[in-house]
Amino acid sequence: MSLIEARGLYKTYELGSNKLNALDGVSLTIEKGEYIAIMGPSGSGKSTLMHIIGCLDTPTSGQYLFKERDITSLSDQELARLRNAEIGFVFQSFNLLARLSAFRNVEMPMMYAGRSRAERERKVSAALERVGLTGRRNNKPNELSGGEMQRVAIARALINDPAIILADEPTGNLDSRTGVEIMKLFDDLSRQGNTMILVTHDAGVARHARRIVHMVDGRVDEAAGSRPIATELLAGPLGDTGPSASPAPAPRPPTPDLRPPTTGH
Amino acid sequence: MKFLDLIRTALAGFRSHKMRAFLTVLGIVIGVMTVISILSLVQGMNASVEKQIQSLGSNTIMVAKATFGMGHIDVDEVSKRKDLTVQDAEAMTQLPAVKMVSPVKSRQIGSVNYRGRKATQVEVDGVNADYEFVGNYPVESGRFITRDDYLRRASVCVIGSYLVDNLFPNEDPIGKLLALGNSRFLIVGVLQSKGSFLGQSMDNVIFIPFTTFELSFPKAIGFGGLFGMQIQVMSRSTEQIDDAVDQIRELLRRRRGLTYDKPDNFGINTQDTIRDIYKNITGVAFIVMIAVAAISLLVGGIGIMNIMLVSVTERTKEIGLRKAIGASSQNILLQFLTEAVILSGIGGLIGVGLGLGIAGIISAVSPLKAAAPIWTIFLGFGFSAAVGIFFGIYPANRAARLNPIQALRYE
């Protein structure tokens with residue numbers, strides 16, 4: 001069975017008498033261990049899709065199965081528990097709590113999971129080491145660089161060993177060099193077997209993924225292709241290419257930018 | 001989320017806003033401080049009044065023209081009542097449940113002088129020999145008024161220790177002559193000190209024989225004028241006090257020829273009567289105090305609610321993030337509620353501390369004595385925590401109900 005199976009998702013917002021379909025019948029399957037990018041311009045519905053995949057929101061209609069569980073029927077509390085255990089969020093603006101140290105920020109999801117202090121200490125230290133921030137554990141976000149903040153956020157996303165890591169424009173607030181480092185970290189995480197979902201409008205970010213789903217006007221753009229574009233890049237056994245392989249130039253996917261711009265809001 | 005983690009999370013919230021947290025709880029601090037200081041002063045007063053009431057003796061009965069009490073005495077009707085008489089007092093000595101009886105008449109004298117020294121507002125009481133026991137006035141030195149003094153209408157007196165201190169600081173008063181009204185009285189004894197009550201010395205008294213009093217001060221005035229002569233009775237034991245009261249009532253009704261359908265035209269008072277009067281007075285004070293406390297806690301609570309609402313708005317993004325990483329609505333509710341309760345609880349503790357301090361200072365510099373039983377402390381703390389829950393629930397609920405997606409987008 002697939003990790004994520006979405007069939008005919010609709011998300012409808014009522015704006016006065018108008019109905020706006022932010023999602024207009026999206027179907028998507030994601031397997032365990034996949035590295036996928038959801039691409040599209042603003043207003044394409046990619047954020048709405050991300051919220052539903054991340055169990056922050058439920059569709060107006062359609063079916064969403066996460067690990068074969070129907071999410072649409074879950075209560076608020078059950079959704080919270082699911083997010084806590086199965087989904088690691090990485091945000092564009094990092095979303096660290098300014099008054100907490102790096103350690104305490106990473107620790108937070110474990111507190112909501114009700115883990116003991118000893119276990120938290122052990123796992124948070126390991127997670128900080130994994131993102132290369134062992135020496136910065138007691139620093140507060142305002143004492144960290146942008147790249148370091150995003151690493152803390154990634155450590156926080158990993159801390160409960162989630163089924164998917166969901167990153168929303170993870171390099172959007174970073175300079176290009178730091179962005180490359182963060183993407184390298186994502187590539188490593190993917191190679192280690194994590195299921196990664198990138199949500200981005202940046203083709204440079206998206207091409208790190210092995211499959212790109214293009215969204216336009218609330219639908220998956222089949223014409224642009226929901227195809228595995230970077231597979232050839234990472235050809236061969238997974239992970240064997242080493243860290244240097246990922247930033248290598250890749251053929252640009254068929255240009256989504258050529259479409260006429262959607263009416264702005 | 002574990003309880004300790006909840007508290008840790010809440011505390012982290014204040015550390016970054018120390019000044020704001022302090023100002024938020026100031027209302028609670030002041031409210032609790034007021035309540036605790038007043039409460040401990042009232043408690044201290046209650047204790048000293050209770051001591052006074054008990055010093056009357058649990059088997060003491062005071063018969064007067066009316067029942068002691070507040071506010072509900074018809075002065076005209078009472079002043080028309082028949083005075084008690086010495087014969088009434090003598091008749092009471094024959095009652096089976098009665099041990100001793102003394103007639104009492106009182107008046108206040110503006111000043112008593114002795115060789116250039118002066119004591120003011122002195123109470124002079126006319127009593128008999130048994131009053132030493134009926135009124136519980138043991139003698140420190142010399143002797144009390146005797147039956148012989150009473151029968152001979154002797155011009156002798158027994159004085160309280162306040163008068164000794166003020167009129168005879170360096171000499172033995174016994175054997176000295178004291179001018180009261182138009183006569184001179186030989187001091188034959190000094191009473192043991194009874195201490196002071198609400199800053200008023202209880203030892204500013206002079207006892208003279210009842211018979212002599214009637215000669216020297218024939219005209220009754222003031223409070224004594226309304227109540228006239230009183231008869232103080234001691235029952236044989238504490239257990240027999242109710243019997244004694246019944247027997248006295250029956251005796252007086254018979255002597256006054258009251259038919260069964262007429263109410264008593266006299267009053268019989270015991271320790272309980274006086275305690276009831278006191279409770280009536282302090283009951284009103286207590287209600288006023290509770291009202292003041294309630295208002296200040298209300299104001300403090302509104303302050304907390306106000307700041308919590310600001311804090312929820314300010315931390316919208318944090319709430320969104322917490323929900324995204326797995327906090328349930330209940331977690332968020334508890335987090336904000338815990339913050340409110342810890343804030344108000346700390347305010348309550350500070351208030352209790354300051355209140356006790358103020359009560360301590362007042363009792364150090366004034367005659368009022370403070371006493372704070374342990375329950376006042378728990379009361380202060382408990383009430384402020386309850387205020388925290390009550391006024392925290394609305395902002396906390398608002399935080400809990402935030403939509404995580406919108407909250408995350410909030411800037």
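Author: pLDDT is the predictor's confidence in each residue, on a scale from 0 to 100. The model discussed here is a predicted one.

Reader: Over which residues of chain A does pLDDT stay under 50?
Author: Chain A as a whole averages a pLDDT of 85, and 84% of its residues score at least 70. One stretch, for which the model nevertheless has 39 contacts beyond four places in sequence, stays under 50. Where pLDDT is low, the predicted coordinates should not be read in detail. The stretch in question is residues 229–265 of chain A.

Reader: Is A:Arg7 buried, exposed or partly exposed?
Author: A:Arg7 has its place in strand S1 of chain A, which covers residues 4–15, and, leaving aside residues up to four places away in sequence, it touches A:Ser27, A:Gly62 and A:Gln63. A residue needs 20 or more C-beta neighbours within 10 Å to be buried, and 12 or fewer to be exposed. Because A:Arg7 has 14 such neighbours, it counts as partly exposed.

Reader: How far apart in space are A:Arg7 and A:Asn138?
Author: In sequence, A:Arg7 and A:Asn138 are separated by 131 residues. From C-alpha to C-alpha, their separation in space is 45 Å.

Reader: Which element gives the largest share of the side of chain A that touches chain B?
Author: Between the two chains, 21 residues of chain A are in contact with 20 residues of chain B. On the chain A side, the elements that give two or more residues are helix H2 (76–86) and helix H3 (102–112). By class, that side has ten nonpolar, five polar and six charged residues. The largest share, six residues, comes from H2(A).

Reader: What radius of gyration does chain B have, set against that of a compact globule of 411 residues?
Author: Along its principal axes, the C-alpha trace of chain B spans about 100 × 60 × 35 Å. A compact globule of 411 residues would have a radius of gyration near 22 Å, whereas the value for chain B is 32 Å.

Reader: How far apart are the C-alpha centres of domain 1 and domain 2 of chain B?
Author: The domain assignment of chain B places residues 3–51 and 277–409 in domain 1, and residues 82–265 in domain 2. The distance between the C-alpha centres of these two domains is 53 Å.

Reader: What percentage of the residues in chain B is buried?
Author: Chain B contains 15 helices and twelve strands, and of its contacts between residues at least 6 apart in sequence, 81% join residues at least 24 apart. Among its 411 residues, the buried ones make up 41%.

Note on methods. Residues numbered from 1 in each chain as written. Chains lettered and ligands numbered in written order. Predicted model: local features only at pLDDT ≥ 70, side-chain atom pairs only at ≥ 80, totals over all residues. Contact = placed C-beta atoms within 7 Å. Domains from an automatic or database assignment. Helix = DSSP H or I, 4+ residues; strand = E, 2+ residues; numbered from the N terminus. Nonpolar A, V, L, I, M, F, W, Y, C, P; charged D, E, K, R; others polar. Rg over C-alpha atoms; globule rule 2.2 N^0.38 Å.
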